[in-house]
Amino acid sequence: MHAALSYRGLCRAGLIAATVAGLAAAGVAVAAAATAGSPPVPAAARQALAANDGWASAGAGTTGGSAADDAHVFVVRTRDELAAAVAGNTPKIVLLSGTIDANEGRGCDAYADPAYNLQDYLAAYDPAVWGRVAPSGPLEDARVRSAKNQSLKVKIDVGANTTIYGVRNARLIGGNLLLTNVSNVIIRNVTFVDAHDCFPAWTPTDGDTGNWNSLYDNVTLSGSTNVWLDHNSFTDGDNQDSGQPLYLGRPYQVHDGLADIIKGSDYVTVSYNNMFEHDKSMLIGSTNTPGVDVGKLRVTLHHNRLANLGQRMPRVRFGQVDVYNNYYYATDEDTFVYALGVGVQSAIYAENNFVLRSADTPLSAFVYNWGGTAMTEKGTLARVGTGPVVAVNLLAEYNAAYDPDIATDAGWTPSRRASLDPAADVPRIVTANAGANKLPA
């Protein structure tokens, strides 16, 4: 079994160089802090979320692993080191160094069950042959086994009281960090790349013509509370959604969300992230059925760059979601669908956001009604290309174009904001500060 070892523990045993070298030679994954004495932890890796900085400051607040002792500060460079270091609930700081490939160089063929073949799958479940019922039988069973093989590598469970902080241009390629029923987690300064699903599921009853659906987000919050996602970058890299083929008449969707917040998660702040060139960006609430989500899913999004995304920026059900000082960069009219998804019992409060758009992307497209009844929007500025900056109201534009109207009062006013910048300053502030590698490494 791979072991994640702290450098301080090895230092106490007087075995630093010999032990690390010996373990590495033996093929054991070693996660160690970098120097004797106190590990060189960047000050930002020990930061807790500031008081009043969004919903994640509510309740017990969000401190992550800031209280970690030296024995629980880890440097990780491989997938298995990362998985070992983030496990458990003891306060810990995990410094993600360099590039980590969750698939460890494996291509999709390495995960495929011997009985699975995509071309055979497409021929068998073509609606013209199979009809519009869920796939079943040996080929579908083989796809499920193949997906399970991949999920054992892609999915990485993160324990409570954890800070994950990227150093040395840290990238996690193809990985899905899972925060399931945990609390007090901080993820900062990491570039997430291409969490792709090799074996998407064909769902012929999803919409009028069916859809392919994928398993993996880059980060998934499920039943988790007090989480801060800050100064990260999210991208599909060279594996863009727009470049996927059409199978069974629908885009072969190999990605799900960038950061999805579901199943009663609560008290979350998403700040200064750079999310770009992806389709389904952020889902807050995954079902229209009242249940664990009611009274929860309270999320703040501020100072994020949301660039040439397709949809879900975010799409919200049930939660009180504060969306302020974000930079919407929507210059690709071929991939843009909508930005703010107003779902069942949602309460979005959008203020002082800035929209840069192409002339072919209408203002009425930025809001979409997914069964919601109300939202608040104020202070939005927009421009087309390098044209003049003008005050707009995206909700009013939607209501003028579509029926029924969405009411203009979400029924609450945010009180947890570190600051509210003028919308005119948002492009400058967000461009200079959002994304990974903008914090000390």
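Buried here means under 20% relative accessible area, exposed means over 50%, and partly exposed lies in between, using a 1.4 Å probe and protein chains only. By that yardstick Lys 153 counts as buried, at 18% relative accessibility, and so does its partner Asp 80, at 16%.

Before we go on, a word on the model. This is a predicted model in which local features need pLDDT of at least 70 and side-chain atom pairs count only at pLDDT 80 or more, while totals for chains, interfaces and linings use all residues. Residues are numbered from 1 along each chain as its sequence is written, and side-chain values use heavy atoms, with hydrogens and water left out.

**Salt bridges**

Side chains of opposite charge can pair when their charged atoms come close. A salt bridge is counted when a side-chain nitrogen of Lys or Arg lies within 4 Å of a carboxyl oxygen of Asp or Glu. The whole structure holds 10 of them, including these three:

| Pair | N to O distance |
|---|---|
| Lys 153 and Asp 80 | 3.8 Å |
| Arg 145 and Asp 113 | 2.9 Å |
| Asp 230 and Arg 188 | 2.8 Å |

The Asp 230 and Arg 188 pair ties together parts that are 42 residues apart in sequence, because Asp 230 lies in strand S11 (residues 225-230) and Arg 188 in strand S6 (residues 183-188). Helices (H or I, at least four residues) and strands (E, at least two) are DSSP runs, numbered from the N terminus. Both Asp 230 and Arg 188 are buried.

Let us return to Lys 153 and Asp 80, whose side chains meet in a salt bridge. This pair links distant parts of the chain, 73 residues apart: Lys 153 sits in helix H7 (residues 138-154) and Asp 80 in helix H3 (residues 79-86). Lys 153 and Asp 80 also belong to a network of salt bridges that includes Arg 79, Glu 104 and Arg 106.

Now for Arg 145 and Asp 113, joined by a salt bridge of 2.9 Å. Arg 145 is in helix H7, and Asp 113 is in the loop between helix H4 (108-111) and helix H5 (118-125), 32 residues apart. Arg 145 is partly exposed at 40% relative accessibility, whereas Asp 113 is buried at 13%.

**A nonpolar patch**

Val 129, Trp 130 and Val 133 make a nonpolar surface patch of about 280 Å². Patches are made of residues with over 30% relative accessible area and no salt bridge, with like charges joined within 9 Å and nonpolar side chains (Val, Leu, Ile, Met, Phe, Trp, Tyr) within 5 Å. Accessible areas come from the Shrake-Rupley method with a 1.4 Å probe, and for residues only the protein chains shown count as cover. Val 129 lies in helix H6 (residues 127-130) and is exposed, with a relative accessible area of 62%.
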